[in-house]
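Visitor: I would like a close look at a single helix of this model and at what follows it in the chain. Please take the residues themselves before the wider setting.

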Amino acid sequence: MTSKWAGRCESCGAWNTLSEEVARPAAAGGLGKAKRKGKGAELVGLAGESERDARLETGITEFDRVCGGGLVSGSALLVGGDPGIGKSTLLLQVAAAVARLGRSAVYISGEEAIAQIRMRGRRLNLSDAPVNLATTTDVREIVATLSTDPPPALAIIDSIQTMYIDTLESAPGTVGQVRASAQELIRIAKANGTAVILVGHVTKEGQIAGPRVLEHMVDTVLYFEGERGHQFRILRAVKNRFGASDEIGVFEMTDRGLSEVPNPSALFLANRAEQVSGAAVFAGIEGTRPVLLEIQALISPTSFSTPRRAVVGWDSGRLAMVLAVLEARCGVALAGKDVYLNVAGGLRIAEPAADLAVAAALLSSLADRPVPADTVVFGEIGLAGEVRMVSQADLRLKEAAKLGFTRAFIPGGLKQRQQSLDVREMQRLSDLVDHFSD
Ligand code: TYD
Ligand code: MG
């Protein structure tokens with residue numbers, strides 16, 4: 001907030017994003033002199049029954065899991081994603097699934113005409129589902145539409161950036177409009193017990209256009225992501241008051257809409273070349289679910305004065321750290337070499353547990369020796385060159401065994417053993433280096 005004219009937002013640095021809001025003058029005298037005394041809020045016990053616990057399961061398992069086990073009535077959910085990634089497609093499928101369960105679902109579009117939405121519905125084979133469609137951008141009209149008796153179980157607003165409320169002068173899509181519209185829609189969700197899903201476009205910088213505060217206002221924030229060239233899409237919970245954040249759901253975009261991918265590991269490993277150097281399979285955890293992924297590295301002599309370090313799908317700071325530990329603690333010479341790292345399949349890994357798999361891919365590329373066949377790798381690397389145990393090791397190994405892997409390189413100190421796997425414990429990173437040099 002700023003009280004004088006400014007062309008640039010001081011908190012995010014963006015130009016021409018500020019909009020004027022006229023503050024209502026405070027009641028004369030402020031709180032101190034106010035005549036009216038506040039009424040005390042009713043205090044209740046921690047234990048007790050509340051109706052709001054009921055979950056609305058859509059039957060689209062990947063979607064339900066990311067929501068924490070279905071939609072919560074009276075909650076507000078924000079789905080963000082790049083234009084064209086498939087948000088409208090996914091949410092029309094969600095609306096249709098709810099409608100087919102005999103619950104009332106309303107889909108309100110401010111972006112497309114009825115004919116367009118119907119055409120999409122036909123393509124997705126959803127025409128028989130009793131979804132209620134409307135096209136409007138007027139929040140007052142939407143509030144009236146949602147105030148039926150009984151109120152709808154689900155309302156989808158596509159998108160929040162197109163909505164406007166007439167109490168504000170500014171244009172749709174501005175910070176003030178997005179916030180005021182969302183506030184009103186969230187209020188009606190809470191009042192009526194309707195689960196409201198707001199669609200939000202993402203800017204080039206990867207944030208939901210409009211104020212950051214939108215993410216604070218809603219109960220759940222999901223991002224729908226994917227590489228344009230790849231057919232699969234990932235729905236990721238980044239905030240969830242009713243479930244685990246970091247949970248992912250995996251979908252495949254087909255010519256008949258989004259289909260669920262119940263076993264993502266098989267998909268991510270599908271195009272894996274057998275026995276090439278520079279590739280290691282990482283046994284990761286995404287949310288509550290184990291996911292196996294291939295990490296690829298390429299090390300080549302550099303032709304630049306400063307060697308290149310390029311990373312896709314992982315943290316570049318974390319790569320720099322693994323490279324530094326390899327140099328300083330294990331004597332692996334990497335200066336004068338370009339390093340490229342890629343997580344195959346377009347997924348982004350945030351876990352430090354991938355350190356050891358990254359190191360394995362790097363060492364394998366450097367030695368031009370493949371990681372032994374059917375091996376999974378995980379473990380966190382410390383600055384002293386030690387390999388640390390990570391959470392949920394059992395779950396990672398179980399998933400690996402299920403997918404036919406027979407070996408694992410893991411940190412030392414595992415208590416339970418997965419019977420079917422040949423486990424090799426690494427106490428220090430130098431143990432892994434030795435593996436590739438003898
Ligand atoms: P859309 O849901 O309109 O994206 P968003 O709402 O996030 O902007 O999806 C747009 C893309 O999805 C479009 O490029 C076409 C593609 N698509 C399919 O591949 N298959 C389908 O069945 C549908 C409906 C869309
Ligand atoms: Mg859309």
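Guide: In helix H10, the buried residues are Asp355, Leu356, Ala357, Val358, Ala359, Ala360, Ala361, Leu362, Leu363, Ser364 and Ser365. The model is a predicted one. H10 covers residues 355-367, and because 11 of its 13 residues are buried, H10 is largely enclosed by the rest of the structure. Buried here means under 20% relative accessible area. From its first C-alpha to its last, H10 reaches 18 Å, close to the 18 Å expected at 1.5 Å a residue.

Just after H10 comes Asp368, with a positive phi of about 50 degrees. Asp368 takes this value although it is not a glycine. Most residues other than glycine have a negative phi. Asp368 belongs to the loop between H10 and strand E16, residues 375-377. With a relative accessible area of 57%, Asp368 is exposed, whereas Asp355 in H10 is buried.

Asn125 can be set beside Asp368. Asn125 is not a glycine either, and its phi is positive, about 65 degrees. Its place is the loop between helix H4 (114-123) and strand E5 (132-135). Asn125 has a relative accessible area of 52% and therefore counts as exposed, the cut-off for exposed being over 50%.

Two peptide bonds also belong in a list of backbone features. Most peptide bonds are trans. The bond from Asp149 to Pro150 is cis, with omega near 0 degrees. Pro150 sits in the loop that runs between helix H5 (139-146) and strand E6 (154-158). The bond from Asp158 to Ser159 is cis as well, and its omega is near 5 degrees. Ser159 is part of the loop between E6 and helix H6 (175-192).

For a buried charged side chain outside H10, there is Glu215, which is found in helix H7 (residues 213-217). Its relative accessibility is 13%, so Glu215 counts as buried. The side chain of Glu215 is joined to that of Tyr223 by a polar contact of 2.9 Å.

Helix packing can be followed in another pair, H9 and H12. H9 spans residues 316-330 and H12 spans residues 429-437. They pack at an angle of about 85 degrees, and their axes are 10 Å apart. That angle makes H9 roughly perpendicular to H12, because angles of 65 to 115 degrees are put in that class. On the H9 side the contact is made by Val325, Leu326 and Cys330, which meet Leu429, Ser430 and Val433 of H12. Sorted by class, this contact has five nonpolar residues, one polar residue and no charged residues.

As for the wider setting, the protein chain has 12 helices and 20 strands. Of its 438 residues, 46% count as buried. Among contacts between residues at least 6 apart in sequence, 67% join residues at least 24 apart.

To return to the part you asked about: H10 is a largely enclosed helix, with 11 of its 13 residues buried. The loop after H10 holds Asp368, and Asp368 is exposed.

Note on methods: Residues are numbered from 1 along each chain as its sequence is written. Chains are lettered from A and ligands numbered from 1 in the order in which they are written. This is a predicted model: local features need pLDDT of at least 70, side-chain atom pairs count only at pLDDT 80 or more; totals for chains, interfaces and linings use all residues. Side-chain values use heavy atoms; hydrogens and water are left out. Axes are lines fitted to C-alpha atoms, for helices over the stretch in contact, and angles run from 0 to 180 degrees between N-to-C directions. Helices (H or I, at least four residues) and strands (E, at least two) are DSSP runs, numbered from the N terminus. Angles under 35 degrees count as roughly parallel, over 145 as roughly antiparallel, 65 to 115 as roughly perpendicular and the rest as oblique. Contact means heavy atoms within 4.5 Å. Ala, Val, Leu, Ile, Met, Phe, Trp, Tyr, Cys and Pro count as nonpolar, Asp, Glu, Lys and Arg as charged, and the others, Gly among them, as polar. The expected span of a helix is 1.5 Å times one less than its number of residues. Buried means under 20% relative accessible area, exposed over 50%, partly exposed in between (1.4 Å probe, protein chains only). A polar contact is a pair of N or O atoms within 3.5 Å; within protein, one must be able to donate a hydrogen and the other to accept it, and residues adjacent in sequence count only if both atoms are side-chain atoms.
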